[in-house]
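Let's take a walk through this fold, one pairing and one contact at a time. Keep the viewer open and follow along.

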Amino acid sequence: MTVRANKPEFNIREKLKSLDYAEVPHDKMPGGSIIQTAYSRSAVNARLSFTTTTPTEIHSSLRVPISLRRPNSVVLVTALIGWRHDGGGSYSSILPRVSIDGGSSFSLFNDYTGVSNNEMIRNDGSESYQFDTQTISFIDWNTSATDRIYSLFVTEQGGTMYIGDNQPRTNLIVQEIAQ
């Protein structure tokens with residue numbers, strides 16, 4: 001007895017092309033993959049000074065909007081900041097903040113447990129003068145709202161905080177990372 005099997009013809013090259021993504025879809029990216037990057041660079045050429053005890057945005061030109069493309073992503077926030085602090089016996093801090101209402105209000109990251117005011121940078125209050133350039137990074141785990149704006153804020157507890165005082169311009173980089 002003879003059994004005859006017929007299978008449809010197909011071009012393997014065409015089949016592979018249809019499966020090959022020029023760009024991997026966001027929902028197929030493995031955990032740890034960078035889905036997108038957004039950034040800003042301060043447009044201010046002069047140094048900025050701050051003496052306020054309430055969180056004050058460094059400059060609106062540093063705002064970085066991002067619309068998350070994948071549910072349950074995390075956001076890595078990285079900043080390069082040139083700063084100087086004058087004021088012995090006091091401290092100043094730089095805080096990351098996020099807005100989910102289009103920039104009308106900014107709040108601290110919900111799950112960050114920094115020492116004081118959730119700062120990312122805090123100088124030593126025992127020194128009267130500090131001058132530094134730092135790169136700092138932080139992960140925002142609470143990404144339930146897809147449209148977000150990130151910015152940096154300064155708090156001063158006596159003395160003066162200077163941003164961009166003969167230092168590189170401040171840069172803020174935001175990356176969505178797949179989980």
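Strand 5 and strand 10 run antiparallel to each other and are joined by four bridges. One place to look is H85, whose bridge partner in strand 10 is M161. Bear in mind that you're looking at a predicted model. Strand 10 has another antiparallel partner, strand 2, with three bridges between them. Here M161 turns up again, as the bridge partner of F50.

Which way do the side chains of strand 10 point? T160 and Y162 go one way, M161 and I163 go the other, and all are buried. That fits the usual pattern: in a regular strand the side chains alternate between the two faces of the sheet. Y162 also has a charged visitor: the charged end of R47 sits over its ring, 4.2 Å from the centre.

Time to zoom out for a moment. The protein has one helix and eleven strands, and read along the sequence the helix comes ahead of the strands, as the pattern α-β-β-β-β-β-β-β-β-β-β-β shows. Of its 179 residues, 43% count as buried. If you take the contacts with a sequence separation of 6 or more, 84% of them link residues 24 or more positions apart.

Now for the inside. In soluble globular proteins, nonpolar side chains tend to be buried together. The largest nonpolar core here holds 24 residues, and I58, I81, I94, Y150, I163 and L172 are the ones that touch the most other members. Several strands give two or more residues to this core, among them strand 2 (48–50), strand 9 (147–156), strand 10 (160–163) and strand 11 (171–177). Strand 5 supplies the largest share, five residues.

L172 is a good residue to click on. Leaving out residues up to four places away in sequence, L172 touches A38, Y39, S40, L62, V64, V77, T78, A79, Y150, S151 and L152. Y150 in that list is also one of the core members with the most contacts to other members.

V64 from the same list takes us to strand 4. This strand has a covered face, made by V64 and I66, and an uncovered one, made by P65 and S67. Strand 4 runs antiparallel to strand 9, and four bridges join the two. Within that pairing, I66 stands opposite R148 in strand 9.

How exposed is S67, on the uncovered face of strand 4? S67 counts as partly exposed because its relative accessible area is 39%, which falls between the 20% and 50% cut-offs. S67 and D147 are 80 residues apart in sequence, yet their C-alpha atoms lie 4.4 Å apart in space. Their side chains are joined by a polar contact of 2.6 Å. Not counting residues up to four places away in sequence, S67 touches Q36, T146, D147 and E176.

R148, the residue opposite I66, has a polar link of its own. Its side chain makes a polar contact of 2.7 Å with the side chain of D140. D140 lies in strand 8 (residues 129–140). Is D140 buried or exposed? D140 is buried, because its relative accessible area is 1%, and the cut-off for buried is under 20%.

From strand 4, carry on into the loop that leads to strand 5, where you'll find N72. Most residues other than glycine have a negative phi, and most peptide bonds are trans. N72 isn't a glycine, but its phi is positive, at about 65°. N72 is exposed, because its relative accessible area of 62% is over 50%.

Last stop: the aromatics. How many aromatic pairs does a search of the whole structure find? It finds one. The rings of F106 and F153 have their centres 5.3 Å apart and their planes at 55°, so the pair is tilted. F106 sits in the loop between strand 6 and strand 7 (121–122) while F153 belongs to strand 9, so the pair ties together parts that are 47 residues apart in sequence. F106 and F153 are both buried. F153 has a further neighbour in R97, which lies over the face of the ring, 5.5 Å from its centre.

Conventions
Residues numbered from 1 in each chain as written. Predicted model: local features only at pLDDT ≥ 70, side-chain atom pairs only at ≥ 80, totals over all residues. Heavy atoms only, no water. Core = buried A, V, L, I, M, F, W, Y, C linked by side-chain atoms within 4.5 Å. Buried < 20%, exposed > 50% of the residue type's maximum accessible area, 1.4 Å probe, protein only. Contact = heavy atoms within 4.5 Å. Pairing = 2+ DSSP bridges. Polar contact = N/O pair within 3.5 Å; in protein donor to acceptor, adjacent residues only side chain to side chain. Phe/Tyr/Trp six-rings, centres within 6.5 Å; stacked < 30°, edge-to-face > 60°. Lys NZ or Arg CZ within 6 Å of the ring centre and 35° of its normal.
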